[in-house]
Amino acid sequence: TLFRVDSINWEDDDLPLSHRFAWRLGGLTETGLFTILSTWSSTMDYFDNLIIGQAGDFTARAEARDTLGSITAAYAAASVTDPVTTRSEAALLSVLESISAGGSASAAGAAGSA
């Protein structure tokens, strides 16, 4: 899944700031170790194909470090869902034909998905 995490609008007197990004499975209130995605750098965003490995909730972390070594972090929760399965053109036409004939779309959809 393609994700972009930004680290913007930090305020600090001891510039310049360095940024680092990480993620872990689970929502904001859960605990667990973070996987570091990038080393400390002046780049304020992380944009890549992140391999989560399963559907579910995960937490992204953006950290900012000033020149004195003070570090703070911001967290964001996201959810990965299984991909939606698509139906063939023939299955979709079957649903439309059933509806136009006064039938049930769900019955035609069940028959067309096999």
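Two residues are in contact when heavy atoms of each lie within 4.5 Å. The structure described here is a predicted model, and the contacts listed for single residues leave out residues up to four places away in sequence.

Arg-61 is located in strand S5, which spans residues 56-65. Its relative accessibility is 13%, so Arg-61 counts as buried, the cut-off for this class being under 20%. Arg-61 is in contact with Arg-20, Phe-21 and Ala-22, with Phe-34 and Ile-36, and with Ala-73, Ala-74 and Tyr-75.

The largest nonpolar core consists of six residues, namely Phe-3, Trp-23, Leu-50, Ile-52, Phe-58 and Val-80. Within this core, Ile-52 touches Phe-3, Trp-23, Phe-58 and Val-80, and Ile-52 also touches Leu-25. A second core, separate from the largest one, has five residues, among them Phe-21, Tyr-46, Ala-60 and Ala-62. Phe-21 of this second core is also one of the residues that Arg-61 touches.

Met-44 is found in the loop that runs between strand S3 (35-36) and strand S4 (45-49). The relative accessible area of Met-44 is 44%, and Met-44 is therefore classed as partly exposed, a class that lies between the 20% limit for buried and the 50% limit for exposed residues. Met-44 makes contact with Val-5, Asp-6 and Ser-7, as well as with His-19 and Phe-21. Met-44 and Ile-8 are 36 residues apart along the chain, and their C-alpha atoms are separated by 6.6 Å. Phe-21 thus appears in the contact list of Met-44 and in that of Arg-61.

Note on methods. Residues numbered from 1 in each chain as written. Predicted model: local features only at pLDDT ≥ 70, side-chain atom pairs only at ≥ 80, totals over all residues. Heavy atoms only, no water. Helix = DSSP H or I, 4+ residues; strand = E, 2+ residues; numbered from the N terminus. Buried < 20%, exposed > 50% of the residue type's maximum accessible area, 1.4 Å probe, protein only. Core = buried A, V, L, I, M, F, W, Y, C linked by side-chain atoms within 4.5 Å.
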